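Visitor: I should like to request a close look at one part of this model, followed by a connected account of other parts of the architecture. Please take the strand pairing as the point of departure.

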Amino acid sequence: MEAALTAVEPPSTARWYAEDTTPSAIEAGLRELLGQQHARHAGYAPARVLNLVAVVDRPWRGEVVNRLERVGRYHPSRTVVCAVQPGKRTLDAWATLTATAAGDGLTVAQERVEIELGERHLEGLAAIVDPLILADLTTMVWSPHGHDDAVDELLPLADVVLLDSLDLPDMRAAVARACRLSEEAYVVDLAWLRSTPWRERVAATFDPPRWRPALRELTRVTVRHRPDSTVSGLLFSGWLCSRLGWSPGSLAPRPDRALVGSARAGKTKARIELLPDPQMTAPGLAGVTLETASGLSLSLDRSPGGLSARRGTPDGRESAWIVLGASRGEPGILGEGIRQALLRDPTYRPALACAERMVA
Amino acid sequence: MATIQENPLVEGLERLPVHPTTLVIFGATGDLAHRKLLPAVYNLAHEGALPERFNLVGVARREMDDDAFRATARDSIRQYSRTRPDESVLGALLERVRYVRGSFDDAGVYRRLGALASELDEEAGIPFNRVFYLATAPTFFETIAELLGAHGLDAREDAEVRIVVEKPFGRDLASARQLNEALLSVFEERQIYRIDHYLGKETVQNLLVMRFANGIFEPLWNRGYVDYVEITAAEDIGIGSRAGYYDRTGALRDIVQNHLLQLLTLLCMEPPVSFSADEVRSEKVKVLRAIRPPSPDEVPEIAVRAQYGPGVAEGREVPGYLDEEGVAPGSGTETYVALRLEVENWRWAGVPVYLRAGKRLARKVTEIAVTLKPVPHLAFQQSGSLGVQPNQLVLTVQPNEGVSLSLVAKIPGARMRVRPVSMDFLYGTSFLSQSPEAYERLILDTMRGDATLFARADEVEAAWSLVDPILEAWSRTAGPLPTYEAGSSGPAEADRLLLGGARWRQL
């Protein structure tokens with residue numbers, strides 16, 4: 001067993017490394033790094049927000065680490081990256097402490113542990129990870145490259161599972177997986193978060209009392225999405241169904257790859273259409289249109305500076321405006337996903353349940 | 001399922017809908033708008049927190065058209081926004097910006113403003129709420145309110161109208177009452193938002209959460225356990241370029257009457273029945289009314305004022321207050337004030353509350369320190385140790401926002417020696433989110449119609465009722481003020497306010 005400790009400054013990053021190591025040795029290395037930093041800087045304080053355990057394929061480790069670094073201020077305080085390398089029989093580990101000046105003499109540090117391990121270790125992964133997570137903090141598990149068995153193994157440690165339902169090519173499998181995990185832990189689904197600005201804007205549009213009655217008259221919901229983002233569309237439609245008390249039926253595929261169906265809304269039915277938009281470059285939704293029987297319509301579409309909104313009223317008048325808001329981009333979505341570990345959204349599971357019925 | 005009256009779609013959303021709003025900033029080319037308001041509006045736009053339909057109208061005397069004002073606003077936002085502006089969002093926001101030029105006492109301004117506001121309504125086909133933000137010199141507050149009323153801009157049938165008044169809200173009780181009367185002759189109290197930007201700070205709001213969401217504190221939060229309370233707002237800077245304002249104002253009016261008394265009320269108030277604006281504010285007013293205003297004879301016993309003299313601050317020699325540019329020769333304006341107050345109610349009677357605020361002090365800090373009574377009997381030998389100090393809970397508002405609790409712990413070793421240690425919670429290490437600027441929160445609240453973080457008329461007047469006798473007594477006291485060295489912890493005279501074993505916390 002070999003271990004080495006180096007401190008690099010500036011920038012204030014300290015590292016520890018060991019080959020063929022053990023979880024307790026890694027934990028001791030982290031403590032040693034912390035002690036060194038405390039001794040060096042009185043205003044040094046380790047961040048204590050949440051643990052993020054990421055299980056990744058070794059070849060894509062760097063890409064995942066880069067994604068996590070780009071989330072900026074939403075960086076978890078302790079990240080444990082388990083990089084799976086087929087055939088590997090030992091544990092090799094790096095621990096990194098990155099300190100960032102937070103102003104006024106305070107320096108906040110984030111810790112990252114990277115463990116290279118083999119598939120054989122996944123079965124006992126909880127025992128490897130458990131000593132490395134900070135007690136009393138929320139623990140979030142993320143496995144962007146599959147490894148469902150590893151996620152199952154870690155569930156006893158996890159408060160939150162981060163997933164992106166768009167990662168799975170089969171929407172039914174994606175929805176089923178999210179449903180299954182929701183039974184075990186709180187799920188933060190990036191596919192759901194991609195629909196947040198749309199949900200907020202639809203809610204805002206119908207918030208003025210004069211527009212609110214139109215919610216009861218909705219007869220058609222059209223959701224446009226990137227072709228691989230059907231689940232975001234399903235979750236958006238599921239949200240609308242669950243919030244309005246609609247009972248959705250299963251959606252049928254059309255030759256143009258659209259999904260079409262309806263939901264029972266009281267005595268009437270509302271048509272639901274999910275339309276793939278090949279022009280859409282970013283994952284998620286491209287646009288939403290809601291229509292009522294009386295001729296009121298609202299459309300929201302992506303646009304520079306926010307969402308482009310268009311409203312048509314029964315008397316034939318149309319108005320258009322931009323709903324302001326900066327695009328969060330994929331790093332922003334991931335950061336938002338991490339932040340959501342500390343919150344609870346009571347509307348996801350009902351939306352997911354409706355989505356499940358739509359793909360049944 | 002929620003009823004249609006409740007908007008079932010808002011459940012679970014972090015950003016609640018805000019009614020379409022036209023925000024009118026009077027004094028739109030001034031320093032406050034330039035440094036704070038316009039960047040705050042941009043940040044709200046960036047976060048997607050503005051109403052889905054939004055207009056911003058600047059009103060000021062400077063000669064310029066819409067495009068020139070947009071260019072000014074763009075510069076302000078680029079310079080002072082806490083987030084790097086996204087040019088597409090900024091461009092889209094600026095398209096919603098208009099400008100009305102004129103003097104605030106010119107009726108024509110209000111006619112043009114009214115016409116523009118109506119035009120914006122018609123263009124959108126909806127009645128926008130209107131928020132008039134008075135970021136002007138206080139001398140214009142009454143005039144603007146009166147002329148808004150005279151031109152029918154004070155209320156609408158189908159939308160809300162609100163007016164936001166910046167500090168200072170009056171110079172004394174009489175002027176505050178006069179201003180309240182002027183505002184209330186045009187607007188209803190529910191329409192008036194008196195800003196104290198301290199209340200927009202996350203840590204100030206956290207005071208309520210800390211007190212009322214943690215069972216550990218409430219049993220201790222009373223005269224039985226609390227020895228004394230100290231609230232400090234220290235600045236290490238001098239008056240800078242604000243001599244004109246500051247020399248007419250002083251530390252008591254500038255900081256104590258508003259910010260420090262607000263902190264005091266939040267610290268001492270009873271749990272409100274709910275966190276609605278009126279319930280919270282009613283409890284705060286009760287605290288202010290429980291503080292007996294001092295008689296003229298009592299003022300020297302409970303209040304100390306001083307001016308900073310020359311010294312070393314920020315690593316360089318700095319002049320004394322009287323040598324600062326723009327300060328009147330022989331000025332009697334205090335740059336430091338310390339008070340000893342008492343909240344005379346069941347919970348707090350007999351607990352001294354010390355307030356201090358000043359410029360050119362040793363460091364910048366705003367904090368509340370609650371010192372608990374010492375343990376009744378000490379079994380430990382104290383020789384060879386730093387000794388047992390009473391527990392102290394310190395809530396730091398700025399900088400390094402957080403809460404720390406001092407405890408006594410054993411020093412490792414064979415002997416039973418003890419010393420105080422600190423148990424810390426730091427905002428900077430415990431949350432993923434960046435705190436929004438106070439003005440972002442407050443502007444959003446005015447648009448949402450939530451007045452919880454704004455002062456009510458009776459609250460402002462109750463605060464002035466405490467400060468007025470001190471101002472009056474000081475105005476009768478001739479002669480130079482005590483001085484303290486710039487960069488120091490303040491004047492030695494402040495120590496005489498302290499009762500029992502109380503000590504000012506080190507700056």
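Visitor: In which sense do β17(A) and strand β18 (residues 306-312) of chain A pair, and over how many bridges?

Guide: The model is a predicted one. In chain A, β17(A) and strand β18 (residues 306-312) are paired in the antiparallel sense, and seven bridges hold the pairing. One of the bridge partnerships links A:Ser303 with A:Gly306 in β18(A). The two strands make a hairpin in which two residues separate β17(A) from β18(A). In that turn, A:Gly305 has a positive phi of about 90°.

β17(A) also takes part in a further pairing. Strand β16 (residues 285-292) of chain A runs antiparallel to strand β17 (residues 297-303) of chain A, and five bridges join them. Within this pairing, A:Leu300 in β17(A) is the residue that stands opposite A:Val288. β16(A) and β17(A) likewise form a hairpin, here with four residues between the strands. The turn includes A:Gly295, whose phi is positive at about 105°. β17(A) thus belongs to the hairpin with β16(A) and to the hairpin with β18(A).

Chain B offers a parallel arrangement. Six of its strands form an open sheet, in the order β3-β2-β1-β4-β5-β6, with parallel pairing. At the edges lie β3 (97-101) and β6 (192-194) of chain B, each of which pairs on one side only. On average, and with direction ignored, neighbouring strands of this sheet are turned by 20° against each other. At the β3 edge, strand β2 (residues 54-60) of chain B runs parallel to β3(B) and is joined to it by five bridges. In one of these partnerships, B:Ala60 has B:Arg101 in β3(B) as its bridge partner.

Helices lie against these strands. Helix α2 (residues 66-80) of chain B lies across β2 and β3 of chain B, and its direction is at about 115° to β3(B). α12(B) packs on the sheet as well, where it touches β1 (21-26), β2, β4 (129-134), β5 (161-165) and β6 of chain B. The direction of α12(B) makes about 140° with that of β4(B).

α12(B) also packs against another helix. Two packed helices are described by the angle between their axes and the distance between the axes. For helix α1 (residues 31-46) and helix α12 (residues 438-448) of chain B, the axes come within 9 Å and cross at roughly 70°. At this angle, α1(B) and α12(B) are therefore roughly perpendicular to each other. Their crossing is right-handed. On the α1(B) side, the residues that meet α12(B) are B:Leu32, B:Lys36, B:Leu37, B:Ala40, B:Val41, B:Asn43 and B:Leu44. On the α12(B) side, the contact is made by B:Tyr439, B:Glu440, B:Ile443, B:Leu444 and B:Met447. By class, this contact comprises nine nonpolar residues, one polar residue and two charged residues.

Another set of strands in chain B centres on β11(B). Strand β7 (residues 226-234) of chain B runs parallel to β11(B), with six bridges between them. B:Val229 has B:Val353 in β11(B) as its bridge partner. By contrast, strand β10 (residues 336-342) of chain B pairs with β11(B) in the antiparallel sense, over seven bridges. Here B:Ala338 is partnered by B:Arg356 in β11(B). Seven of the seven residues of strand β11 (residues 352-358) of chain B are buried, so the strand is largely enclosed by the rest of the structure. B:Pro352, B:Tyr354, B:Arg356 and B:Gly358 point one way from β11(B), whereas B:Val353, B:Leu355 and B:Ala357 point the other way.

Burial can also be followed in the helices of chain B. In helix α7 (residues 202-212) of chain B, eight of the 11 residues are buried, so α7(B) is largely enclosed by the rest of the structure. The buried residues of α7(B) are B:Thr203, B:Val204, B:Gln205, B:Asn206, B:Leu207, B:Leu208, B:Met210 and B:Arg211. In helix α8 (residues 243-268) of chain B one finds B:Gln262. B:Gln262 counts as buried because its relative accessibility is 8%, under the 20% limit. Beyond its neighbours within four places in sequence, B:Gln262 is in contact with B:Asp196, B:Leu199, B:Lys284, B:Ala455 and B:Glu459.

A loop residue provides the contrast. B:Pro296 lies in the loop between α9 (277-289) and α10 (299-302) of chain B. Because its relative accessibility is 51%, B:Pro296 counts as exposed. The C-alpha atom of B:Pro296 is separated by 24 Å from that of B:Gly500, which is 204 residues away along the chain.

Conventions
Residues are numbered from 1 along each chain as its sequence is written. Chains are lettered from A and ligands numbered from 1 in the order in which they are written. This is a predicted model: local features need pLDDT of at least 70, side-chain atom pairs count only at pLDDT 80 or more; totals for chains, interfaces and linings use all residues. Side-chain values use heavy atoms; hydrogens and water are left out. Axes are lines fitted to C-alpha atoms, for helices over the stretch in contact, and angles run from 0 to 180 degrees between N-to-C directions. Angles under 35 degrees count as roughly parallel, over 145 as roughly antiparallel, 65 to 115 as roughly perpendicular and the rest as oblique. A crossing is left-handed if the near helix is turned anticlockwise from the far one by less than a right angle, and right-handed if clockwise. Contact means heavy atoms within 4.5 Å. Ala, Val, Leu, Ile, Met, Phe, Trp, Tyr, Cys and Pro count as nonpolar, Asp, Glu, Lys and Arg as charged, and the others, Gly among them, as polar. Buried means under 20% relative accessible area, exposed over 50%, partly exposed in between (1.4 Å probe, protein chains only). Two strands pair if DSSP finds at least two bridges between them.
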